[in-house]
Structures are given as structure tokens and as C-alpha cells.
Amino acid sequence: MQKRVFRGAMLIALLSALFVALVGAISDYVSAGRETESRLWQEARLLAALSDALQEEEAFLNAVKSLPLTERVTWLDEDGVVRYDNQSDASSLESHLEREEIQQAQETGEGWSRRYSETLLNDRIYVACRLGNGGYVRVSTSLATVGGRLWAMAWPLALAIAVVIALTAALSRRWTRALVAPMNRIDLENPLQGDAYDELAPMLRRLADQKERLESQLREIGRRRDERDAIIEHMKEGLLLLDQQGHVLLMNDSARRILRTETPVDGRTPLSAYHRSATLFHAVDDALKNGTAQVEMSAGGRDYLLTASAVARERGLVVLLQDVTERNAAEELRKRFSANVSHELRTPLTSISGYAELIQSGMTQPQDVPLFAHKIRHESQRLLKLVEDIMRLSRMDEGHGVGRFQSVSLLKAAQEAAQNYAQAAAERGVSVITEGQDVQIQADPTLLGEMLCNLIENAVKYNRDGGEVRVSVQRLEDAARVRVRDTGIGIPAAHIDHVFERFYRVDGSRSKQTGGTGLGLSIVKHGAKLHGASVELQSDVGVGTTVTLTFALPEGER
Ligand code: ADP
């Protein structure tokens, strides 16, 4: 800024100095010309008068030589032939009759001209007077040109320019400092406060507006960034952002947990430093080449669906890790269930079809027919029960298995369920005892009845002859409990965790023989879940089994 001001001021000062010098030289030239011209006129008229007075050529020339006259004097005869020239050899000069000043003098007695002299090689002014004898006297002197005058002024001009440069430098520095000082004092945090001069006011207002706009944009960007960070950090899926070279640029908390890494993210560390998994590396490579890749991987005993997608071909990858353990388990369960269902259905149907074929063939003894009919009926009932249980479980899986909840007496429900198995128990000498307090719970009566029936049926079925089944209902502080205890065969410890799985049987033949489907305890477990109740099974082989259902009581009934 200071340099530009200095250069500008300097240019103006120099141009002004040159202009002044030029104008001075021109006016000097003009005024010097006028002065010289009038002096020449006086001298020419004096010489003319002298010539007329002296008459004698020699006397006149002596007088001319003795006079302190201007530079050049030329004396001509009436034909213009040079008779005398004080600066040239007269005989070498041509006739001057055609010269402009001589022509004028011929006509009017006096003549004047200004021109370049081929003899003396400079700009000259000529004045001529006609003499009484017909000849002419002419005086002339040189005129310095404007350039010459300027040249003559060169030294003073150079001195003046040097002074101008020094002054301009000093002044421009002062002015620039004075100009810049208020700008330097502007507080960019508060541009409108301060003592900057008025000319800066529009710029300062714009600065203030821009600052406000910038601040609000920064606030908005910050808010969006915080929002995005919160979403990324709290999402339950693992998220990673990689650059084209596979360096990790971002990793959320879930990804850290899944990959079990504490290594900090600095944008320069490769993925291999965080987790060693060939599946992960292949998926990333694949996505970098093809734009996208999807694969399942295991980490920490859980299954994850890994989706890697290129953000923009040149910029990197987003890797998403979704926990699909439950989904896979459910899928696996569904597959096993389907396989089991078809197997379970086929077995009684094969028996039924076999017995029916035997009867139809006529090869059976008539006394065997009732036995076969009994077997067909038994298998049909088992089939019917199986289909009913499958339907019930499927409905519960879909969330439709539960009806309207209502207040139900747990003791009454237990007594009704026990009643259903009184005959079966009596046949084997098993005594079924129902005891306890009357507690009202919120339940779907049908589903609750089914759950209790399944438990009591198992307690009778897997009991020893002459054994006991005790169904006790108890009110706890904030819950109601029903416990089905038998004195039966018990369940080996290794099987206890599995008996609630669908179609799981400790002893398949006994279950089938007694009309079991392998779904009874699954229904109990599912039903308990729908009621918000807990199931607990405790068993000792040869001693007996106890299954306990605990229902939480609603606030008002505690
Ligand atoms: P099932 O229709 O075969 O009885 P459940 O799902 O009700 O099917 O029971 C699963 C398996 O658990 C049974 O096959 C049986 O082996 C065992 N079990 C269930 N309850 C008892 C019990 N009270 N005593 C001994 N074993 C039992």
C-alpha cells in the first residue's frame, strides 16, 4: 500500500515537474524570441541609418566592425550579392535576394523571418533593412530551441526532481501511515466499534454483516455436526469410514465394541491395526474395486452382516456392521422347526396309514382289528394334538396367540386343569393334590389353562405308578406363584436346559407312547413370556421335577 501510494505520488510529482519545465521552456523561448527580435530591429535600423549617413563603403564597414553588434551582420548590394558577412567569406555566399526578409525589405523597406540556417546550421531570426543606395543590411542571431532550453535547464530540473522525490517519499510514508493506522486499529470481532474514519464505515458495516452471517453459518454447521456425531455414536450398528488406501477415518462406539479395539482413530492407521479378519479385508477390497460388498462375519461369538459401500469412487468406503445373531438364530430355529414338523407329522400318519392298510388287506385276524383301531385312534389323537400345538405356537410366534387379558383365579385355573387329568392319574395310582391361596392374576384364561394342563399332564405322564402330583398356588408379596411338583422319573441335568425347546424330548419313545408332542413345555415358556411371567424348572433324576410359574401382580393388587 505504502509503495503504491509512493509510486502514484511520485508519478504525479514527476509529470508535474516535467510539465512545468516544458511550459517554462516554451514561454522562455517565446519571450526570448520577442526580445531578440526587437533588439535586431534596433540594430538593423541603426546600421541602415549609419550606411545612409556615411555613404563610403569602407567607413561603413569599419563602423560595423567596431560596433558591439549581435552575432551576424550581412551587407548586400541591390542585387542581393553579399558584399560583407562578419561570420562567413562573402565571396562564397550565393545571392540572398530570394531570402524572405530581403524580399520583404525590397517591397516595404524592412523584412523579418525566422528559419533554419543552412549556413550556420541552427535556428535563426533575421531582420533586414533596405539602404538608401538600394543595398540591404541584415542582422541575425540564433534562437535556442525548446529542447535546447530544456537541456539548459537539465541540472536545475534534476535537482528539483531529486527534491520532489525526497519530499514525496517522506510525505507518502506519513500519509500512508496516517491512512492505514485507523484500519490497523479495527477490531475484527467488533468492526463497528472504534475510531475509523467515515469513508471506512460502509466497509465496516459489510464486515460486521459478514461476521454475523459467518457466525450463524458456523453455529448451524456445528449443530448439524453434533447431530450427526450423536447419531453415529449412538447407533447400534457399527460404522466405519475408510479412505481409498484403507486408512480408518472414523469409527463409532458400536464398531469399537464389535471389533474389540481401543486403538485411537487418527486417519493414518490401516484397518488391519484395528481388527484382523480376512472376511473384513476381502469385503473392503471387494468394495474398493466394485463399489459395494456384502458378507457375514463373526466377531466375539456374534454374527454381523457387513455392508461396505463406496461413498464416491475416489473418496473411500462406508462399512456398516449389523448384528444379525438373533435373526440368524430365529432363521435357524424356523428351519429346524419346519424340518421337525414334517418329521413329527409323518410318523403318526405313517402308522395310521400302515394299520389302515393292514385292515383293508383282510389279512388281519378279526380279533386284532379292535387293537389296530385303537392304535389308529391313538395316533390320530396325537396327530390332532400335534397340529393343535403347532398352530398354537405359530399363532403365539406371530403375536396372535394371546386373547383378552382378564382377572383370573390362579387356584381355580389350577383345579380345573388338574381335574382334566384326574382319570389318567387314577389309572396309574397317581394322586393329584391342588392346594394354596386364591390369587387373582391378569391372564388369558385359555392360554393359562393350556399352560397348567401341559405342566400337570407332564407331572402325571412322567411319574411313577402310585406317585404324587402337588399343585400349589401361593401369593407372594408382589407376585403369584403356581408350582407343579411331581415324584416322577426326573430329568437328567444335561437335558434341563433343552426341555423348553420345540420337539425336544428326553425319552422320545416314552413321550410318543404317552401321546406327547414335544411342544408342551415350549407352549408353557412362550405363554409365560406373553404373560410377563417367569418359568423355573428344577429336577432330580428318580426324585421328581418341580416347575414354578411366577406372575407379577399389577400395582393395585399388591
Ligand atoms: P412332551 O409332549 O414330550 O411331554 P414337553 O415339551 O412337554 O413334551 O416336554 C419335553 C420333554 O421334557 C419331555 O419329552 C420329557 O422328556 C421331559 N419332561 C417334561 N416334563 C417332565 C417331568 N415332569 N418329568 C420328567 N420329564 C419331563
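A polar contact is a pair of N or O atoms within 3.5 Å, and in this predicted model a polar side-chain atom of Thr-545 meets that cut-off, because it lies 3.4 Å from a nitrogen atom of the ligand. Two further contacts of this kind involve an oxygen atom of the ligand, one with an N or O atom in the side chain of Tyr-462 and one with a polar backbone atom of Leu-521.

| Residue | Atom of the residue | Atom of the ligand | Distance |
|---|---|---|---|
| Thr-545 | polar side-chain atom | nitrogen | 3.4 Å |
| Tyr-462 | side-chain N or O atom | oxygen | 2.9 Å |
| Leu-521 | polar backbone atom | oxygen | 2.8 Å |

Taken alone, the ligand exposes 520 Å², of which the protein buries 96%. Two elements, α13 (445-461) and α16 (520-530), each give two or more residues to the shell around the ligand. In total 20 residues surround the ligand, and the closest of them are Asn-458, Ser-511, Thr-517, Gly-518 and Leu-521. By residue class, this shell divides into 8 nonpolar, 8 polar and 4 charged residues.

The two helices also touch one another. The axes of α13 and α16 come within 9 Å and cross at roughly 145°, and the crossing in which α13 passes α16 is left-handed. On the α13 side the contact is made by Leu-447, Glu-450, Met-451, Asn-454, Leu-455 and Asn-458, while α16 contributes Gly-520, Leu-521, Ile-523, Val-524, Gly-527, Ala-528 and Leu-530. The residues of this contact divide into 8 nonpolar, 4 polar and 1 charged. Asn-458 of α13 and Leu-521 of α16 thus take part in the helix contact and are also among the residues closest to the ligand.

How values were computed: Residues are numbered from 1 along each chain as its sequence is written. This is a predicted model: local features need pLDDT of at least 70, side-chain atom pairs count only at pLDDT 80 or more; totals for chains, interfaces and linings use all residues. Side-chain values use heavy atoms; hydrogens and water are left out. A residue is near a molecule or strand if one of its heavy atoms lies within 4 Å of it. A polar contact is a pair of N or O atoms within 3.5 Å; within protein, one must be able to donate a hydrogen and the other to accept it, and residues adjacent in sequence count only if both atoms are side-chain atoms. Accessible areas come from the Shrake-Rupley method with a 1.4 Å probe; for residues, only the protein chains shown count as cover. Helices (H or I, at least four residues) and strands (E, at least two) are DSSP runs, numbered from the N terminus. Ala, Val, Leu, Ile, Met, Phe, Trp, Tyr, Cys and Pro count as nonpolar, Asp, Glu, Lys and Arg as charged, and the others, Gly among them, as polar. Axes are lines fitted to C-alpha atoms, for helices over the stretch in contact, and angles run from 0 to 180 degrees between N-to-C directions. A crossing is left-handed if the near helix is turned anticlockwise from the far one by less than a right angle, and right-handed if clockwise. Contact means heavy atoms within 4.5 Å.
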